[in-house]
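Notebook open, coffee poured. Below is what I looked up in this one, in the order I got to it.

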Amino acid sequence: MTEHPRFRKFLWYFFKTLSVLFFPVKLEGRLPEGAYVLALNHQSFMDAVAVFLFMPENVRFMAKKQLFKHKFGSLVIRT
């Protein structure tokens, strides 16, 4: 996995600002301790962004290979 701590921090602040201004997120309940799989239903394009903003730092994502074709998109996903 490619690590870019500064870019990750930039993305976090960028999407956090967008979320607060345009897409308020309400968290309900608590996540269980330990490992688990979280499946998103993609009701909006912000689903993955919300997970990125509100989950612990060691969350890992899976994505279809078509999303890695563009350099910027690939960098965001890998980061």
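**Ser-74.** I started with the contacts of Ser-74: skipping neighbours within four places in sequence, Ser-74 is in contact with Leu-67 and Phe-68. For contact I use heavy atoms within 4.5 Å. I then placed Ser-74 in helix α3, residues 71–78. Helices here are DSSP runs of H or I with at least four residues, strands are runs of E with at least two, and both are numbered from the N terminus. Is Ser-74 buried or exposed? Ser-74 is buried, because its relative accessible area is 11%. My classes are buried under 20% relative accessible area, exposed over 50% and partly exposed in between, with a 1.4 Å probe and protein chains only.

**Ground rules.** I am working on a predicted model, in which local features need pLDDT of at least 70 and side-chain atom pairs count only at pLDDT 80 or more, while totals for chains, interfaces and linings use all residues. Residues are numbered from 1 along each chain as its sequence is written, and side-chain values use heavy atoms, with hydrogens and water left out.

**Whole chain.** I counted three helices and zero strands in the protein chain. Along the sequence that reads α-α-α. Of the 79 residues, 19% are buried. I also checked contacts with a separation of 6 or more: 58% of them join residues 24 or more positions apart.

**Helix α1.** How far does α1 reach from its first C-alpha to its last? I got 25 Å for its 18 residues, close to the 26 Å expected at 1.5 Å a residue. The expected span is 1.5 Å times one less than the number of residues. The buried residues of α1 are Phe-7, Arg-8, Leu-11, Phe-15 and Ser-19. Seen down the axis of α1, these buried residues fall within an arc of 100 degrees, so they line one face of the helix. I take the arc from the directions running from the helix axis to the C-beta atoms. On the other side of α1, I found Pro-5, Arg-6, Lys-9, Val-20 and Leu-21 exposed. The cover over the buried residues of α1 includes α2 and α3.

**α1 against α2.** Two packed helices are described by the angle between their axes and the distance between the axes. For α1 and α2 (residues 47–54), the axes come within 10 Å and cross at roughly 115 degrees. My axes are lines fitted to C-alpha atoms, for helices over the stretch in contact, and angles run from 0 to 180 degrees between N-to-C directions. The crossing of α1 past α2 is left-handed; that label means the near helix is turned anticlockwise from the far one by less than a right angle, and clockwise would be right-handed.

Which residues meet there? From α1 I listed Arg-8, Leu-11, Trp-12, Phe-15, Lys-16 and Ser-19, and from α2 Val-49, Phe-52, Leu-53 and Phe-54. I sorted the residues of this contact into seven nonpolar, one polar and two charged. Here Ala, Val, Leu, Ile, Met, Phe, Trp, Tyr, Cys and Pro count as nonpolar, Asp, Glu, Lys and Arg as charged, and the others, Gly among them, as polar.

**Ser-19 and the α2 side.** I went back to Ser-19, which sits in α1, residues 5–22. Ser-19 counts as buried because its relative accessible area is 3%. The C-alpha atoms of Ser-19 and Val-49 are separated by 8.7 Å, with the two positions 30 residues apart along the chain. In α2 I noted Asp-47, Val-49, Val-51, Phe-52 and Leu-53 as buried. The cover over those buried residues of α2 includes α1.

**Loop between α1 and α2.** Leu-31 is in this loop, and so is Tyr-36. I have Leu-31 as partly exposed because its relative accessibility is 44%. Tyr-36 is partly exposed at 33%. Leaving out neighbours within four places in sequence, Leu-31 is in contact with Tyr-36 and Met-55. Under that sequence cut, Tyr-36 touches Leu-31 and Met-55. Leu-31 and Met-55 are 24 residues apart in sequence and 9.2 Å apart, C-alpha to C-alpha.

**Loop between α2 and α3.** My last stop was Met-62, in this loop. Buried or exposed? Met-62 counts as exposed because its relative accessibility is 81%. From Met-62 to Ile-77 I get 8.7 Å, C-alpha to C-alpha, and 15 residues in sequence.
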